[in-house]
Amino acid sequence: MKPFSVLDACNWSGGSLLQGSGERFVNRVSTDTRTLQPGDLFVALRGEHFNGHDYAAAAAQKGAIAMLCDEKFDAAQAPAGLSLICVNDTLTGLQQLASAYRQSLDVRVVGITGSNGKTSTKEMVAAALEVQFDVQKTQGNLNNHIGVPLTLLSLEESTEIAVVEMGMNHPGEIQPLAEMAAPDIGIVTGIGWVHVEAFDSRDGIAEEKGALIRALSDSGTAIVNGDDSLLDRTEAWTKARIIRAGFGESNTIRISEVSATEAGTLFKVAHDGESVEVSIPLFGAHMAANAALALAAAQVCGVSLEAAASGLSQLELPGGRLKLHRHLRGWILDDTYNASPDSIVAGMDSLRLIPGEGRRVALLGAMAELGNHSEQLHRWVGEQAAQKQIDLLGVMGPDANFYLEGAKSEGMDASRMQLGESHQKMARAYLDQSEPSDVILVKGSRSMSMEQVVSLIQEE
């Protein structure tokens, strides 16, 4: 982070200095006393089950020079050496501070949202841009109302491009994140059924994701999945330049000739008369689609297709996202980080791209946050498993029985279906019917911890 004064922090956050010096310089901003370092500004957030103000003394002991507090805090409780900035609400103050800090930097911001593939696309965009620029990107899962301001406040003065992921669970969450980040480029990966419990329809999800595009200035660039019909409305959201990427012939950046090797996915990308072969160490046509969005962003920033493709070839994703492990004479496709209806279907499609003659097996945990749509969407995924000729379907978790009911309705035989009551029983049921050349997808919502199934199969 570029150091700024306590007085700057006071002005940027809309606060007033209750005690201490405004001349000292802040080296970092933190909301967690466990990771505080000397010279930090500590932001005391309030939550349903915590109150950061209780840790004022601990913050001072760790070397914090200032604390952002709210009007409910008794300033007499603060250590004498701690500069105290008072705001109406510390979360709002943190966000205002981040917004002003972002504006103080000479940096371009690429904002990314979408129902699926946000993190993989964020990593791809960064990899494609790093061949030419000093790039910073969202770390871990810092993509919400607290994570985005912390991401912005971590940017260095030398950073040329920031790649910022933006997630949401409820209506109205993307707009403040987008306004805070003030993106020059906005990417929407697609509209799916994630977090549908908080929305009436996918149309509602599309409008929420569209807040990122609406935050663009007229001189900005919107990059969207051109194969998603729900993003046809992009022109209504912005006067910015629009680039569509995907498989369809009408896309500005077009994908073709997708194939797979043991190392990943190969495909071609064409744009404006130029064509380049791209290799990514990930599996699936949906990952090729995300890569095309990244190549589009790189082109907007002045990176050639060839150079950006070279950057993508060096990509590494965090654990549990489309990791391919050799298993006996077959493979395990570990995509256990999270799941939605669309991403599971994409994962099953990926099984067909993986080389090998073995059976295609899907071991699926239940999907969360689907609300009243849960039964319908679990059934739909089961129907897709049967239609895609999955040879063996194992499931577990709440509403997972509807996977099986959907598969049965499309003709899958009961001998090819398993319902597990635990990770151990799911793994055991599969292993009792396993064949050495099986190609296995393991996937489920984060709450299902399906990585345990991967470990149990590998241990056996």
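**Exercise 1. Locate Glu369 and describe its backbone.**

In which loop is the place of Glu369?

*Solution.* The model under study is a predicted one.

Step 1. Glu369 is found in the loop between strand 19 and helix 12.

Step 2. Consider the backbone next. Most residues other than glycine have a negative phi. Glu369 is not a glycine, yet its phi is positive, near 60°.

Step 3. Turn to accessibility. Glu369 counts as partly exposed because its relative accessibility is 35%, and partly exposed residues are those between the limits of 20% and 50%.

**Exercise 2. Describe Ala368 and its surroundings.**

Which residues are in contact with Ala368, leaving aside its neighbours within four places in sequence?

*Solution.*

Step 1. Ala368 belongs to the loop between strand 19 (360-365) and helix 12 (374-387).

Step 2. With a relative accessibility of 36%, Ala368 is classed as partly exposed.

Step 3. When neighbours within four places in sequence are left aside, Ala368 is in contact with Ser445 and Ser447.

Step 4. A comparison of sequence and space may be added. Ala368 and Pro398 stand 30 residues apart in sequence, and their C-alpha atoms are 8.6 Å apart in space.

**Exercise 3. Examine the backbone of Asp399.**

What is the sign of phi in Asp399?

*Solution.*

Step 1. Asp399 is placed in the loop between strand 20 (392-396) and helix 13 (401-409).

Step 2. Although Asp399 is not a glycine, its phi is positive, at about 65°.

Step 3. Asp399 counts as partly exposed, since its relative accessibility is 29%.

**Exercise 4. Find the buried side of two helices.**

Which residues of helix 1 are buried?

*Solution.*

Step 1. Helix 1 comprises residues 6-13, and its buried residues are Val6, Ala9, Cys10 and Ser13.

Step 2. These residues lie on the same side of helix 1, because the arc they cover around the axis is only 100°.

Step 3. Just after helix 1 comes Gly14, with a positive phi of about 75°.

Step 4. Apply the method to helix 14 (residues 423-433), where His423, Met426, Ala427, Tyr430 and Leu431 are buried. Their arc around the axis is only 125°, so they too share the same side of helix 14.

Step 5. The packing partners can now be named. The buried residues of helix 14 pack against strand 19, strand 20, strand 21 (417-420), strand 22 (439-443) and helix 15 (451-459).

**Exercise 5. Describe two serine residues, Ser83 and Ser120.**

Is Ser83 buried or exposed?

*Solution.*

Step 1. Ser83 lies in strand 7 (residues 83-87). Its relative accessibility is 0%, so Ser83 counts as buried; the limit for this class is under 20%.

Step 2. A polar atom of the Ser83 side chain lies 2.9 Å from the backbone oxygen of Ser21.

Step 3. Neighbours within four places aside, the residues in contact with Ser83 include Val6, Leu17, Ser21, Arg24 and Ile65.

Step 4. Ser120 is part of helix 4 (residues 118-129). This residue is buried, as its relative accessible area is 4%.

Step 5. The side chains of Ser120 and Asn290 are joined by a polar contact of 3.3 Å. Not counting residues up to four places away in sequence, Ser120 touches Met287, Asn290 and Leu317.

**Exercise 6. Place Ala270 in its strand.**

How many residues apart along the chain are Ala270 and Ile255?

*Solution.*

Step 1. Ala270 is situated in strand 15 (residues 264-271).

Step 2. A relative accessible area of 33% makes Ala270 partly exposed.

Step 3. Ala270 and Ile255 are 15 residues apart along the chain, with 6.7 Å between their C-alpha atoms.

Step 4. With neighbours within four places in sequence left aside, Ala270 is in contact with Thr252, Ile253, Arg254 and Ser275.

**Exercise 7. Characterise the second largest pocket.**

How many residues line the second largest pocket?

*Solution.*

Step 1. The space in the second largest pocket amounts to about 330 Å³.

Step 2. Its lining consists of 15 residues, and those nearest the centre are Arg28, Val29, Leu142, Leu150 and Ser154.

Step 3. Strand 4 (28-30), strand 9 (135-137) and helix 5 (147-153) are the elements that each give two or more residues to this lining.

Step 4. Sorted by class, the lining of the second largest pocket has eight polar, four nonpolar and three charged residues.

Definitions and conventions: Residues numbered from 1 in each chain as written. Predicted model: local features only at pLDDT ≥ 70, side-chain atom pairs only at ≥ 80, totals over all residues. Heavy atoms only, no water. 1 Å grid on protein atoms, 1.4 Å probe; cavity = no way out; pocket = protein on both sides within 12 Å on 5 of 7 lines; lining within 4 Å. Points joined across faces, edges and corners; volume = space filled by probe spheres on them. Helix = DSSP H or I, 4+ residues; strand = E, 2+ residues; numbered from the N terminus. Nonpolar A, V, L, I, M, F, W, Y, C, P; charged D, E, K, R; others polar. Buried < 20%, exposed > 50% of the residue type's maximum accessible area, 1.4 Å probe, protein only. Arc of directions from axis to C-beta. Polar contact = N/O pair within 3.5 Å; in protein donor to acceptor, adjacent residues only side chain to side chain. Contact = heavy atoms within 4.5 Å.
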